[in-house]
Amino acid sequence: MLITQNLSLVRILRSTWKVDLMMIFTCVATYYLHEYIVSRAIQIPATLATLLGTAIAFFVGFNNNQAYSRWWEARTIWGAIVNDSRSWTRNILYYTVPGELTIDELAALKKRIIFRQIAFIYALKESLRRNAEGYYKQFLSETDLEQVNKESNTANAILSLHAIDLQQLSQAHAIDEFRFVQFNTLISALTDHMGRSERIRNTVFPTSYIYFTRLFIWAFVIFLTLILADAVGGWSIVIGWIIGFIFHVTHQNGMGLMDPFDEISTGIPLNQICRTIEINLLQMLGEKDIPPPVQPINQEYYL
Amino acid sequence: MLITQNLSLVRILRSTWKVDLMMIFTCVATYYLHEYIVSRAIQIPATLATLLGTAIAFFVGFNNNQAYSRWWEARTIWGAIVNDSRSWTRNILYYTVPGELTIDELAALKKRIIFRQIAFIYALKESLRRNAEGYYKQFLSETDLEQVNKESNTANAILSLHAIDLQQLSQAHAIDEFRFVQFNTLISALTDHMGRSERIRNTVFPTSYIYFTRLFIWAFVIFLTLILADAVGGWSIVIGWIIGFIFHVTHQNGMGLMDPFDEISTGIPLNQICRTIEINLLQMLGEKDIPPPVQPINQEYYL
Amino acid sequence: MLITQNLSLVRILRSTWKVDLMMIFTCVATYYLHEYIVSRAIQIPATLATLLGTAIAFFVGFNNNQAYSRWWEARTIWGAIVNDSRSWTRNILYYTVPGELTIDELAALKKRIIFRQIAFIYALKESLRRNAEGYYKQFLSETDLEQVNKESNTANAILSLHAIDLQQLSQAHAIDEFRFVQFNTLISALTDHMGRSERIRNTVFPTSYIYFTRLFIWAFVIFLTLILADAVGGWSIVIGWIIGFIFHVTHQNGMGLMDPFDEISTGIPLNQICRTIEINLLQMLGEKDIPPPVQPINQEYYL
Amino acid sequence: MLITQNLSLVRILRSTWKVDLMMIFTCVATYYLHEYIVSRAIQIPATLATLLGTAIAFFVGFNNNQAYSRWWEARTIWGAIVNDSRSWTRNILYYTVPGELTIDELAALKKRIIFRQIAFIYALKESLRRNAEGYYKQFLSETDLEQVNKESNTANAILSLHAIDLQQLSQAHAIDEFRFVQFNTLISALTDHMGRSERIRNTVFPTSYIYFTRLFIWAFVIFLTLILADAVGGWSIVIGWIIGFIFHVTHQNGMGLMDPFDEISTGIPLNQICRTIEINLLQMLGEKDIPPPVQPINQEYYL
Amino acid sequence: MLITQNLSLVRILRSTWKVDLMMIFTCVATYYLHEYIVSRAIQIPATLATLLGTAIAFFVGFNNNQAYSRWWEARTIWGAIVNDSRSWTRNILYYTVPGELTIDELAALKKRIIFRQIAFIYALKESLRRNAEGYYKQFLSETDLEQVNKESNTANAILSLHAIDLQQLSQAHAIDEFRFVQFNTLISALTDHMGRSERIRNTVFPTSYIYFTRLFIWAFVIFLTLILADAVGGWSIVIGWIIGFIFHVTHQNGMGLMDPFDEISTGIPLNQICRTIEINLLQMLGEKDIPPPVQPINQEYYL
């Protein structure tokens, strides 16, 4: 998540220089094509620029809208994960009684369950970002970890451990059946949030939209340079590139939101969110050793 | 679901060559119509191209937006089926006790119910894709299969078997009434997902929108060629075809998302999703014989 | 619901011939107005066509979007009625025990309740379409029918009978309180679907949007003919009519979706949906005498 | 809610004559400004009309879309109030047993609670429309009325009385705890609908959008008249006014939906909806003295 | 929340004078650049203004739509906080019995819980607005305050205190388990509303959209002045500034809604909403000392 309001032009050019060079080269080539071949045969009517502009406007607008929707839905899902992690912890802390457990057993169990909730969010984060740091492992007991390794979907396996402990709490009368239902509703909700995150990560945005947007932008730059060459001569190279740059950057803006769980500066700041949850849960548990909030990178963005 | 970012132009031309040829033929015919008849009578004002462009932009945009909504809603429904299948399995596995059943009876029942859940998703998939592989049958016991054959809606009949077993579990005190409610809520949710999938498959998108989009694109190509013929002569055939191609392809993009459950490269990858559920459920059940994930076809798309 | 992809032009002209004739007459009148009066005084600038085009595009687009939303919401509500009818039947069939009833009494009660659910959907359909076939009556017992006649809202009265039987089942211990809650939740859901259907049927889309769309289309046709008359003479009549036809047809498309419960070819196919529910419920009940699915009319549409 | 499809032009002119006169005056003044001053200095390029047109299109479209959303959300909320009033009444009627009450006490209590529900909808209506007819008072007992007067939010106070009676029913064992939960869920839902209605009524749509729309329409009329004066002379006054009228009326259309609870012809017909609920509830209660449905005013609209 | 319909131009100029001056300076500089350099070399085609206009229209429209969505979602969340605060208070007041508590203990506990709910909304408000008035502290008992200070997230800590009291009420049999579930559902709902508010406050709108909008507006002003200079000479400075002003103000409108929880005149009026809740809750509790509603500032806006 970018937080800096002033993107330096340098930064933008640095991330687009390849395309910029290709575009300038295309404009120059088109200009000479026009000078030596096209202008002798026909004069392209300016209407074509407008027509192509309409098609591009549709594609770019459509892509950006859908990309933003994906990004915001992703953010909303992780907001719900924050909420349900807090509710889960609150319920575990305050709605359990010893029942047939000793007070110490209950305290240990509570801590194990809440630590495991932290493990859940980190495991889900790593799965969504396809990295394998294994940071989540420190929040799991050894037996838990062993159990989790048996399944390919780590986060899902962690929720199963929650379910096993919940059944245990219920059978030890540490919670009554009413509380059992409340707790289990939260496990179902976490299952849903996990599945929704996976849906967004695994569903590729229809590639034809992206492909044709790029194709049309290049066609547009060529047509525009041809049309401008009649009116402003060599300046058509500069103006063609500027307009092409604008449309390309607009398109890139949307692309940066399309896969919100990727570890990129415009993605959802999962590191920051996970740490917020970690801090909240540890404070609720009364732990002393609280990690600091995540800091923005270069004062520019959170990851 | 297409996964390749680079659609080769060859691939696109291969899937549109019929329309391409018809369009080129139309442009050529229009050009000669212009040369020998129209140009002697009147000169079509360029405004008409813009006006028709507006009408087409509306239709194409509208179709694409609604098609994408249907596609994404379909994907979301199947995401929910993933989630509820996992929750269902987790509940069956961890929230049942023997009660009046022997431990072996319970274990057999659990396995039968979870296998039946796999049968449910495959039966629903086959019904949505109107094919009759019968892959789902292997996950049903013989008595179950017999029962299911009595109804025309297979997936719905499978859910009824879930309900019968649930009532049995409840009467054998393998689950208490609180758990009964939780389990039954999942059956209701699966009924809803099934009905929503059927709604999308059975509801034809208002055909008039698609019909008029096609009509207007052809009218537009003819008008445009007429108008261009004055300005660029024979090149009007080439340019008319290019612009027509762009609008046609844009329209086709949307059409490819309109029926998301069809077995096409741009549809929802039900094979892949069903396999993911199958793997998850078998792993949760502790089965050893786990099938591999579905592989993309030609590295291009999932079905 | 139209299912044919090829609307014959004949069919379209048949449903719009009145407007077509009025439009041709208007174009002719405008042309002569231009020839003998306007052209001697002033020349209308072409900009006005564009400006009016913008206003019309807004109105037509707005109407079509809202109409489609109403249509899709209506379809979604009836999809939910399908789902909840199935869940209701499944619950009635499998979650009841004799309790203090004899097995025969329970069987009779089950059948009465499920038949009444079929009566509910047909009664709601007739109320939404404002017709009074009374097809639903055959699914009600005599005492039920008598009771229902006392209220002006038939479908609502049927749900009250459901509630009375539910309370009876509960007091006869045929269902426990947990199941009671599950069943009653479905009655509440059916109440909601009924109310939502009535909301869409009873809420007139703001008429000013429709009125001004029509007004602007006519104003546009007149202005356009005036402007074209300068450029193409008598052909302005033909082209004016074509463009007017396009905008009018686009507007009509939306109008056909605006009242989705009307008994029209573009409406929601309530006959088909009700029959689907009827078949599903009778099959679940194990009835032998199952009616066939509804057939499309002229292979063109479902009602 | 307007129901007439044909808004007479007279009616529209009557409601806009002030603005119409101001606009004609502005066009005349602009024309003479052009004739004697502007035309001697410069010629305004027509591009400016298009640019301002774009800005206005954005504002008018944005306002209309948001206004319609507010209107439809308001209608949906009141549809939910209809549904929940019916469910509430159905539950009260059929799910209560005497318990420790006599049959007469229960009957009286039922009637009091259902009448109070009618009072709730009328009290909410009066609060939303900021009028103080006090029609709701006839549906409250004296002690209820006394209690209600203690709070500034009448409808909220009525719901508290519902809650008190519900607790009483529960303690007299007229309902068990399961039914208590079902009833209370409906009270919470009514609290939500009430709060949502208040949210729409109390949240002023960002005034800057409305202010700038008006400002830009006037600027547009002036620029347009200036530009047209070059082309069509004095006719610029007529055409300037027509175009200005169109944009103004389009804007007014949206404004008429912006505050859907106001007692205006384009608002939500709360009188009609409240009466529908009143009739439904009284019929369910078996009352004989049923008021007639609300009639449209002048056959034109419901209030 | 602005309530005044007439924003004086003075007010607008006061809040934009810096940008206005920079824009006038830019227009003047551009004009002289044109006079002495550009006009000798080339003539910029007017098409470029339209093309840039399209790009800006997309950006401005996109930003405004998303900003309004954020604003309305924020308002909706706080509407839900109003509703759930009322439901919470109603439940606490009417659904508790003494159980093992004395009547006085129960009364004191009720008051403490309802006051704490008021503390919750004020604490959440202060956290969202990043100010530290500490107004909420007066509604907390000393022991509560001590507990709350241990966590960095004050509002979350207050909800934990609610949970502790709820468990106490349940163990003292002041509420039964059914009511416990109803109460706890409200705590979960408040947790969700809190988390949703934080999501909107903490998620920076993708800065690239805002950055490029500003960049394109300036580019547009320069191009437009260059193009106008050919047609109207020095007047290009005035018109360039007017058009630039319009686009800039349109953009600013959206920006004013982007961070709806900031303490600005266009934000959500948290002060007013919190006070409304405070009044409602105190009246329900029967307190005598009720604070007056918040008054608008300068009759112009609520904070």
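## A tour from one chain to its neighbours

Begin by selecting chain A of this predicted model, which is divided into domain 1, made of 9–67 + 206–258, and domain 2, made of 80–204 + 271–285. If you place a marker at the centre of each, taken over C-alpha atoms, domain 1 of chain A and domain 2 of chain A lie 50 Å apart.

Next, add chain E to the selection and superpose it on chain A: a rotation of 72° with 0.0 Å of shift along its axis does this, at an RMSD of 0.0 Å. That is the relation of a five-fold axis. To find the axis from the side of chain E, select E:Phe178, whose C-alpha is the one in chain E nearest the axis, at 6.4 Å from it. The two copies meet through different surfaces, since 2% of the contact residues of chain E recur in chain A.

Now keep chains A and E on screen and turn to the interface between them, where 55 residues of chain E are in contact with 51 residues of chain A. The size of an interface is often given as the accessible area lost when the parts come together. For chain E and chain A the buried area is about 4,900 Å², with 63% of it on carbon and sulfur atoms.

For the polar side of this interface, which pairs should be displayed? Between chain E and chain A there are 14 residue pairs in polar contact, counting those with both residues at pLDDT 80 or more, and the rule finds 2 salt bridges across the interface. One of these can be shown by selecting A:Arg179 and E:Glu177, whose side chains meet in a salt bridge with an N to O distance of 2.6 Å.

Colour chain E by element next. On the side of chain E that touches chain A, the elements giving two or more residues are helix 2 (47–94), helix 5 (154–171), helix 6 (177–202) and helix 7 (207–232) of chain E. Helix 6 of chain E contributes the most to that side, with 17 residues. Recolouring by residue class, you will find 27 nonpolar, 19 polar and 9 charged residues on the side of chain E that touches chain A.

Finally, bring in chain D, which can be laid on chain E by a turn of 72° and a shift of 0.0 Å along the axis, with an RMSD of 0.0 Å. Here the residue to select is D:Phe178, whose C-alpha is the nearest to the axis in chain D, 6.4 Å from it. This pair of copies also uses different surfaces, with 2% of the contact residues of chain D recurring in chain E.

Key: Residues are numbered from 1 along each chain as its sequence is written. Chains are lettered from A and ligands numbered from 1 in the order in which they are written. This is a predicted model: local features need pLDDT of at least 70, side-chain atom pairs count only at pLDDT 80 or more; totals for chains, interfaces and linings use all residues. Side-chain values use heavy atoms; hydrogens and water are left out. Copies are superposed by least squares on the C-alpha atoms of residues with pLDDT of at least 70 in both. Contact means heavy atoms within 4.5 Å. Buried area is the accessible area (1.4 Å probe) that two parts lose on being put together, summed over both. A salt bridge is a side-chain nitrogen of Lys or Arg within 4 Å of a carboxyl oxygen of Asp or Glu. A polar contact is a pair of N or O atoms within 3.5 Å; within protein, one must be able to donate a hydrogen and the other to accept it, and residues adjacent in sequence count only if both atoms are side-chain atoms. Helices (H or I, at least four residues) and strands (E, at least two) are DSSP runs, numbered from the N terminus. Ala, Val, Leu, Ile, Met, Phe, Trp, Tyr, Cys and Pro count as nonpolar, Asp, Glu, Lys and Arg as charged, and the others, Gly among them, as polar. Domain bounds come from an automatic or database domain assignment.
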